[in-house]
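Me: Please go through the model below and answer some questions on confidence, domains and interfaces.

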Amino acid sequence: MSQYIIRRLVLNVVVLWVVASLVFVTTNLLPGDFAERQVATNLELADYTEAIEEARRLLGLDRPLYERYATYITSVAMLDLGHSYDTKRSTWEELGRRFPTTLELGSLIALVAFSLSLPIGVISAVKQDTWVDYVLRTFAILGVAAPVFFIAVILTLVVLKLRLFQIDIVGSPHLWTDPAGALKLYLIPTIAGGISGGAGIMRLLRSQMLEVMRNDYIRTARAKGLPDRTVWIRHAMKNAMLPVLTAMGFTIAGIVSGQIILENMFNIDGVGRFLFTRLIIRDFPPFQGAVLIISFVIVTVNLIVDITYGWLDPRIRFS
Amino acid sequence: MARVQEVLRIPAESAPVVDPRRRRSRLRKVALLARRNRLGAVGFAMMLFVLLVAVLSPWLQRYDTNQVFQTANPEFNPTASPLDIARNPKLSAPFTLNRWERPLTRQHWLGTDQFGRDIYARIIVGARLAVIIGIGASLISVASGTVTGLISGYFGGKTDLTIQRLVDAIQAFPGLVLLLLLVSVLEEPNLTFTVVALGFLGWAASTRIVRSTVLAVSASPFVEAARSYGATDMRVMLRHVLPNVLAPVVVIFSISIGIYILAEASLSFLGLGPADQTTWGKMVNAGRNALDLNPWESLFSGAAITIAVLAFNLAGDALRDEMDPRLRGR
């Protein structure tokens, strides 16, 4: 077991190295760099090639690619993610300021996604082919097909038309400093992201439940007189959750992708929007740093999922 | 039982003259499939509808997507003095744009957008684009994924290890981030480039699935037999392994079309979609400018995305359940 975990950890380091290299190479493939964008917007006329060269030299962008790659990889290995070209602050500081926001929104979305999908998935399977099942399934199928921003647009429209609350929120309130403001800001993205993320889990859980409930041990549990609820939750759901757990990694990646869109839509100053704006102005060190951290989270979640998997299902042997 | 009843219900004299079983068998097969999987049947019908709209779009769109509709301004006065114009700006414009018109008029079935363009025409053309992107990206990802999956699974060893680490790395990226990076490589991404970027994104997942099937197939006795009579690796791969992994390949192809349509919509919504095209994602975003005043552009285009993705998802799911149920939940 510990051998397996060590092997996986080593493998994850390799994967993160490939991710880091991939980000480095692709960002450097992009047309234009920070120096060019910045100078071009600040000086509108005349010959600014000299100014661009000067800016490149200051930022160290004039050095050859392999040299920059070497510095980049060694500093990443020492957990130094560089400094923003734009604000000159360190990547850790820039991300550290936005991470709480993203984490707040992300956990709210995950909370909604799971508290919607788990009971709905079980109910839909238990009441198979009744109208309850049909309604819930339609909801799930639509939730998978509709883009997250469309769900958010519909919710915004509802809030606007029913005049529920003011949508234009200034600044970035946090849950613990200004709970009312934060909830107003987060409400629509949370529900939209939750529906979008939860719908897939619900469909998966339902089909798994149906498969599990055909097993003999379910009939045995019923036959020995256990109440329905116990059979569904203790016997069926526990076994149906395994593939759902595997989907967790994908769900988290999906929530992150959804957050990039939602944070942009609702002007939430989190990592998702930061990532997007950094890409647009070609401010790469914080961009690369953010991507690495997100990949680290995804890889770690996958590892935890795999370990829990073996713990939940003793038949699985680690090799 | 159902079959017995069906046989009994046919009176002897009305039996068809030419080969009764042959004539009914194909139709009956479809009917049986449709009855067993009603949701799938609905999905296939919707998919046909979307494909039909996409193919027939030049005949259905009524107007050009960029045609701007305007009406003569009754207040226009070419001889108005600058002072009058300053007091009433309307005096200077010979035409006014028919912007944000409500739907369900004879001229504009679905209304007009902020520049006075016909929303119906733009939705119809968007369908063609969504279909091209979905099918194109799916083809690219499945074709490339099959090649690398075959190689990776068949040869194993170092080749396999290298390819799998690359696959792991791509899957450790949140998809949208990688996509944003890829399409930024061109200053103004065009349609072809967007399709290729989307296809590359899906390459990792299809490689992984094809590889795992190849691993299972390669272990079977007939592959060993082929090898033992001296078939080359190439021949074993193409003639013995490939035909046996085609089912999952077809399933991945059909299931991922909807995902690519959705991904492209997200890109377009963020303003990084194909620059020179009319896409649904762009329309949802543009419509947000006047959500309070006239939400119809956002609503129609968003609904169009949902319907198209739904159609391909349902059809793909049905195909998977028929062809290869083991892929469920992947």
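Me: In chain A, in which helix is confidence highest?
Reply: The model is predicted, and local features need pLDDT of at least 70, side-chain atom pairs count only at pLDDT 80 or more, while totals for chains, interfaces and linings use all residues. pLDDT is the predictor's confidence in each residue, from 0 to 100, and chain A has a mean of 84, with 95% of its residues at 70 or more. Confidence in chain A is lowest in H2(A), at a mean of 71, and highest, at 93, in helix H7 (residues 148-161).

Me: How many helices and strands are there in chain A?
Reply: Helices (H or I, at least four residues) and strands (E, at least two) are DSSP runs, numbered from the N terminus; residues are numbered from 1 along each chain as its sequence is written, chains are lettered from A and ligands numbered from 1 in the order in which they are written, and side-chain values use heavy atoms, with hydrogens and water left out. From the N terminus on, the elements of chain A run α-α-α-α-α-α-α-α-α-α-α-α. The count for chain A is twelve helices and zero strands.

Me: How far apart are the C-alpha centres of domain 1 and domain 2 of chain A?
Reply: The bounds, which come from an automatic or database domain assignment, are 33-80 for domain 1 and 95-312 for domain 2 of chain A. The C-alpha atoms of chain A fill a box of roughly 85 × 60 × 35 Å along the principal axes. Between the C-alpha centres of the two domains the distance is 39 Å.

Me: Which residues in domain 1 of chain A lose the most area to domain 2 of chain A?
Reply: Five residues of domain 1 are in contact (heavy atoms within 4.5 Å) with six residues of domain 2 of chain A. The buried area, meaning accessible area (1.4 Å probe) that two parts lose on being put together, summed over both, is about 500 Å² here, with 60% from carbon and sulfur atoms. Together giving 80% of what the domain 1 side buries, the residues that lose the most are Phe34(A), Arg37(A) and Tyr72(A).

Me: How many salt bridges does the rule find across the interface of domain 1 and domain 2 of chain A?
Reply: A salt bridge needs a side-chain nitrogen of Lys or Arg within 4 Å of a carboxyl oxygen of Asp or Glu. Over all chains, the whole structure has 22, including Asp133(A) with Arg137(A), at 3.9 Å between the closest N and O atoms. Across the interface of domain 1 and domain 2 of chain A, the number is zero.

Me: Which residues form the salt bridge between chain A and chain B?
Reply: The contact takes 43 residues from chain B and 48 from chain A, and buries about 3900 Å², of which carbon and sulfur atoms give 78%. The salt bridge count between the chains is one. At 3.1 Å, N to O, the side chains that meet are those of Arg203(A) and Asp317(B).

Me: Which helix of chain B gives the most residues to the side that touches chain A?
Reply: Helices H6 (157-172), H7 (175-183), H10 (233-269) and H12 (296-323) of chain B each supply at least two residues of that side. With eleven residues, the one that gives the most is H12(B).
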